[in-house]
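User: Hi! Could you walk me through this one with me asking as we go?
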Amino acid sequence: MIPIDVDFRLNKYGSFSTDLVLESTDYYNIYEYPASFGDGKGLHIVQKGRELAKEVVTTKLSEIMKSQEIKELEDEINDMSKKRADELSNDEHKMLFVDIDDRTHLISRIRTVHIDFLDLYEEVKKQEASTIADITFSALVEYCFYLSSFFMKKRFKNIETAGDYDFDAYMFDYYFLYNLEQIIPILKKQLGVDKKDETLLNKFYQYFVQSIKEQKYPFSIDNKHLKDLIV
Amino acid sequence: MTLYDNNTYSFDDCSIFNLCEINIPNSWSEMFGTNRLRSYNYGKLVRLMASLNQQNIIPYRFIPESEKFNSNLIKHANQLLIKTKINPAFMDLVFKKEVIESLKFSFKGVLKVFNTIQKNDNFQNIKQFFEQNCQVPTNVPNNDDCKIIGGLNSFNCLGNKFFISADNHFRNNCDLIKQEWNITIVPEHECHLLC
């Protein structure tokens with residue numbers, strides 16, 4: 001596992017970085033290898049990189065993923081590292097896409113999600129959060145509720161009359177909507193347990209709240225004008 | 001006062017919390033007029049830490065962490081927020097979570113400059129001493145406080161031992177602690193007087 005910090009963008013063709021220049025760092029070395037298109041470049045992790053990776057796994061990843069999940073992630077990265085570039089761009093990127101629905105179905109999904117989160121948020125407001133796991137749970141439900149509200153009342157407000165609606169331009173909306181749907185049964189289950197699963201909740205909190213930055217998506221706690229999007 | 005490298009300067013976890021800076025995310029920073037939250041004694045604690053660092057004196061903290069670490073974390077985050085007298089106005093649960101996460105992250109960073117002293121689990125005689133000598137029963141330190149005193153008492157040191165804390169259990173018993181174990185309790189708000 002080579003930890004690198006790259007600002008990826010996302011569009012309908014997949015993820016990309018226009019300013020990615022690979023150079024050797026303290027954490028990895030660049031090596032060249034002969035390829036059909038000329039000289040290929042690869043990365044070799046060095047000792048300092050291994051130490052950083054170990055530290056990240058023990059201090060950060062372990063807070064959001066269980067050991068089995070970390071192992072599965074490592075296996076997936078290893079499998080992907082064995083694929084050719086065209087296999088990655090053609091096949092793997094397709095897996096990232098969420099089905100693009102017709103408008104009626106999309107509106108119906110947004111409404112259903114919003115109502116589910118409205119119910120969950122009402123329940124959360126009745127409870128006192130006294131542990132870190134409780135606070136994470138409450139914060140996650142609150143964030144998801146306002147995100148679903150943002151979808152319904154702002155982002156997709158005029159979807160029915162918007163003319164040629166650019167579905168492809170809203171990939172993050174689809175990701176978030178899809179994952180909001182996925183998380184609802186998990187949160188409902190957590191609502192009823194005394195001792196909440198902190199690692200599980202941290203993972204979803206990290207995904208919804210921390211994974212996105214202002215320059216990529218407006219509904220972000222890094223956006224100075226977020227309060228204008230709270231409806 | 002002057003700092004000496006043969007003295008031991010140790011800190012209560014609560015004072016280490018007070019050494020932490022909390023980042024306020026952009027969406028709330030305008031409301032708070034800043035993107036940083038700091039405790040009231042932050043400046044004094046930083047001054048002491050800078051002086052210790054300047055003289056290559058490594059400060060100490062106590063391990064293992066209290067079982068109440070998470071509740072102390074929440075308590076400190078709440079106290080910092082209450083002192084601002086500002087209501088986050090929107091998504092207050094998310095804001096609280098962010099403050100706690102930021103405090104936890106900062107705390108872990110601050111810990112890197114500290115060496116550690118093991119708390120002493122054989123604290124019964126210390127507890128008993130306080131129970132017999134404290135005139136006000138509520139002044140009797142809790143078990144974890146007694147483990148800290150036991151740990152610092154057994155710690156080898158050529159000079160004097162100082163313990164910086166904002167906890168009233170220590171401050172109210174500073175004379176007893178000095179007399180019995182020769183440990184100087186330094187109230188957090190006076191810690192800058194050490195340098």
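The chat below goes from the ground rules to the interface, then to chain A and a few single residues.

User: What should I know before I start?

Analyst: Happy to help! This is a predicted model, in which local features need pLDDT of at least 70 and side-chain atom pairs count only at pLDDT 80 or more, while totals for chains, interfaces and linings use all residues. Residues are numbered from 1 along each chain as its sequence is written, chains are lettered from A and ligands numbered from 1 in the order in which they are written, and side-chain values use heavy atoms, with hydrogens and water left out.

User: Cool. How many residues of chain B are in contact with chain A?

Analyst: On the chain B side there are 19, in contact with 25 residues of chain A. Contact here means heavy atoms within 4.5 Å.

User: And how much area do the two chains bury between them?

Analyst: About 1,900 Å², with 62% of it on carbon and sulfur atoms. Buried area is the accessible area (1.4 Å probe) that two parts lose on being put together, summed over both. In chain B, the residues that lose the most area to chain A are M91(B), L93(B) and K97(B), which together make up 31% of what that side buries.

User: How many salt bridges are there between the chains?

Analyst: Two, where a salt bridge is a side-chain nitrogen of Lys or Arg within 4 Å of a carboxyl oxygen of Asp or Glu. One pairs K104(B) with E63(A), whose closest N and O atoms are 3.8 Å apart.

User: Which helices of chain B supply the side that touches chain A?

Analyst: α2 (26–32), α4 (69–84) and α5 (92–111) of chain B each supply at least two residues. The most comes from α5(B), with nine residues. Helices (H or I, at least four residues) and strands (E, at least two) are DSSP runs, numbered from the N terminus.

User: Let's switch to chain A. What's its secondary structure?

Analyst: Seven helices and four strands, in the order β-β-β-β-α-α-α-α-α-α-α from the N terminus on. Of its 231 residues, 35% are buried, meaning under 20% relative accessible area, against over 50% for exposed and partly exposed in between (1.4 Å probe, protein chains only).

User: Which residues of α7 in chain A are buried?

Analyst: In α7(A), residues 198–210, they are L200(A), L201(A), N202(A), F204(A), Y205(A), F208(A) and V209(A).

User: And what do those pack against?

Analyst: Against α1 (47–64), α5 (132–155) and α6 (171–191) of chain A, together with α5 of chain B. At the start of α7(A), a side-chain oxygen of D197(A) reaches to within 3.3 Å of the backbone nitrogen of T199(A).

User: Back to chain B. What's the peptide bond from I63(B) to P64(B) like?

Analyst: That one is cis, with omega near -5°. P64(B) sits in the loop between β4 (60–63) and α4 of chain B.

User: I also spotted K85(B). What is its phi?

Analyst: Near 60°, a positive value in a residue other than glycine. M91(B) is not a glycine either, and has a positive phi of about 45°. K85(B) is in the loop between α4 and α5 of chain B, and M91(B) has its place in the loop between α4 and α5 of chain B too.

User: Are those two buried or exposed?

Analyst: K85(B) counts as exposed because its relative accessibility is 78%. M91(B) counts as buried because its relative accessibility is 2%.

Notes
Polar contact = N/O pair within 3.5 Å; in protein donor to acceptor, adjacent residues only side chain to side chain.
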